[in-house]
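Reader: I should like to understand how the descriptive terms applied to this structure are justified. Please set each value against its definition.

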Amino acid sequence: MAAGGDVLVVEGGGLRGAFSAGVLSELARARALSLDACYATSSGAPSAAYLAADQIEDAVRIWEDFTSGSQLISPGRLLRGASLMDLDRLVGVFEDRVPLHLERLNDAPPVFVCATNCLSAQPEYLPCNASNGFDLLKASMALPLIYGPVVPIDGVPYIDGGLTDSIPLQKALEHDAARVIAVLTQPKGYRKRPALKTASLLALYYRKYPALAPAFAQRAARYNACLDALENLEEQGRISVIRPETTLPATRLSRDRPSILGTLEAGRTMARRWLTRQNRHAAEGAPLGALAV
């Protein structure tokens, strides 16, 4: 891939993914991107796909109108023997209510969506297209236990991409891009705490896929190592980062609409600050990568 464009890295994080949608909406509005590729994981993946399809405001509408209350997360579903998260309904929104025009991705910069292969317990970065798009988005967002079922793609079972690569930075760095921009959903300095009891429960639940057990146990260490590497590259001016200034209103499993709307607006706000810094650094002749917010 020729140098000269931007490569986006988009983190998920359940309902915190509304932040990423707000960021991408503001960057698109300002025509601030010359996009070469996107790498996205979990709830960041639909926003990246809608962006590449020139439909980012549709993604914002989904966050605004189809994720709050019991539409996506509902404890009552557990009483009916269903999963806590109604991911099938959300993907149905992508298909019918606010359609994602996957055919547009044929002529768009590629969107690589990270999903975890249950057989190998390795992250895979699959191009989102008309043949696999909705299944791939579902697979990348299939949070262990919260959604439950694995999602088959071409006969291979997948679950949440965030399990093995929440921030697909290394894949993005393989591109010969002018600028790598990482959109994160946690403030600077955040580190994930190990949750060994939860890891043991997940290993038991997914015992049909024994390769996943070490991935559950190592998730926090893997995520924190990525953040260490990312912050080091940020300090060197090799990547640019847009992240929340403080903890977001929405959590991983938020159902409260004002919290989700506030998280969207936080994304817009931090993107505007990033754009202001970009313009200032460009005027000063600073390296394009040294634009962290």
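Author: A residue is called buried if its relative accessible area is under 20%, exposed if over 50%, and partly exposed in between. The model discussed here is predicted.

Reader: What makes His281 buried or exposed?

Author: The relative accessibility of His281 is 17%, and buried means under 20%, so His281 counts as buried. His281 belongs to helix H10. Its C-alpha atom is separated by 20 Å from that of Arg268, 13 residues apart from it along the chain.

Reader: How do you know whether Ser25 is buried or exposed?

Author: The value for Ser25 is 5% relative accessibility; this is under 20%, and Ser25 is therefore buried. Ser25 has its place in helix H1. Apart from neighbours within four places in sequence, the contacts of Ser25 are Ile56, Glu57, Val60 and Arg268.

Reader: Why are H1 and H3 described as roughly parallel or roughly antiparallel?

Author: Helix H1 (residues 17–29) packs against helix H3 (residues 56–65) at an angle of about 150°, and the axes are 9 Å apart. Angles over 145 degrees count as roughly antiparallel, so H1 is roughly antiparallel to H3. The crossing in which H1 passes H3 is left-handed.

Reader: Which residues make the contact between H1 and H3?

Author: H1 contributes Gly17, Ala18, Ala21, Leu24, Ser25 and Ala28, while H3 contributes Ile56, Glu57, Val60 and Trp63. Sorted by class, the contact of H1 with H3 has seven nonpolar residues, two polar and one charged.

Reader: What makes H3 and H10 roughly parallel or roughly antiparallel?

Author: The axes of H3 and helix H10 (residues 257–284) cross at roughly 150° and come within 8 Å. Since the threshold for roughly antiparallel is over 145 degrees, H3 and H10 are therefore roughly antiparallel to each other. On the H3 side the contact is made by Val60, Trp63, Glu64 and Asp65, and on the H10 side by Arg257, Ile260, Leu261, Leu264 and Arg268. The contact of H3 with H10 divides into five nonpolar, no polar and four charged residues.

Reader: Why is the pair of Tyr50 and Phe94 called stacked, tilted or edge-to-face?

Author: Six aromatic pairs are found in a search of the whole structure. The ring centres of Tyr50 and Phe94 are 6.0 Å apart, which is within the 6.5 Å limit, and their planes stand at 70°, which is over 60 degrees, so the pair is edge-to-face. Because Tyr50 lies in helix H2 and Phe94 in helix H5, the pair ties together parts that are 44 residues apart in sequence. Both Tyr50 and Phe94 are buried.

Reader: What makes the pair of Tyr206 and Phe216 stacked, tilted or edge-to-face?

Author: The ring centres of Tyr206 and Phe216 are 5.8 Å apart, again within 6.5 Å, and the planes are at 40°; stacked requires under 30 degrees and edge-to-face over 60, so the pair is tilted. Tyr206 lies in the loop between helix H8 (196–205) and helix H9 (212–235) and Phe216 in helix H9, so the pair ties together parts 10 residues apart in sequence. Tyr206, at 4% relative accessibility, counts as buried, and Phe216 is buried with a relative accessible area of 7%.

Reader: Which residues form an aromatic cluster?

Author: Tyr39, Phe112 and Tyr125 form one aromatic cluster.

Reader: Which residues of H5 are buried, and what covers them?

Author: In helix H5 (residues 87–97) the buried residues are Leu87, Leu90, Val91, Gly92, Val93 and Phe94. Their cover includes helix H2 (44–52), H3 and helix H6 (133–141).

Reader: Why is Leu145 called buried, partly exposed or exposed?

Author: Leu145 has a relative accessible area of 29%, which falls between the 20% and 50% limits, so Leu145 is partly exposed. Leu145 is placed in the loop between H6 and strand E5 (151–153). Its phi is positive, about 70°, although Leu145 is not a glycine.

Reader: How do you know whether Asp154 is buried or exposed?

Author: At 77% relative accessibility Asp154 is over the 50% limit, and therefore counts as exposed. Asp154 is in the loop between E5 and strand E6 (156–160). The phi of Asp154 is near 50°, a positive value in a residue other than glycine.

Technical notes. Residues are numbered from 1 along each chain as its sequence is written. This is a predicted model: local features need pLDDT of at least 70, side-chain atom pairs count only at pLDDT 80 or more; totals for chains, interfaces and linings use all residues. Side-chain values use heavy atoms; hydrogens and water are left out. Axes are lines fitted to C-alpha atoms, for helices over the stretch in contact, and angles run from 0 to 180 degrees between N-to-C directions. Helices (H or I, at least four residues) and strands (E, at least two) are DSSP runs, numbered from the N terminus. Angles under 35 degrees count as roughly parallel, over 145 as roughly antiparallel, 65 to 115 as roughly perpendicular and the rest as oblique. A crossing is left-handed if the near helix is turned anticlockwise from the far one by less than a right angle, and right-handed if clockwise. Contact means heavy atoms within 4.5 Å. Ala, Val, Leu, Ile, Met, Phe, Trp, Tyr, Cys and Pro count as nonpolar, Asp, Glu, Lys and Arg as charged, and the others, Gly among them, as polar. Buried means under 20% relative accessible area, exposed over 50%, partly exposed in between (1.4 Å probe, protein chains only).
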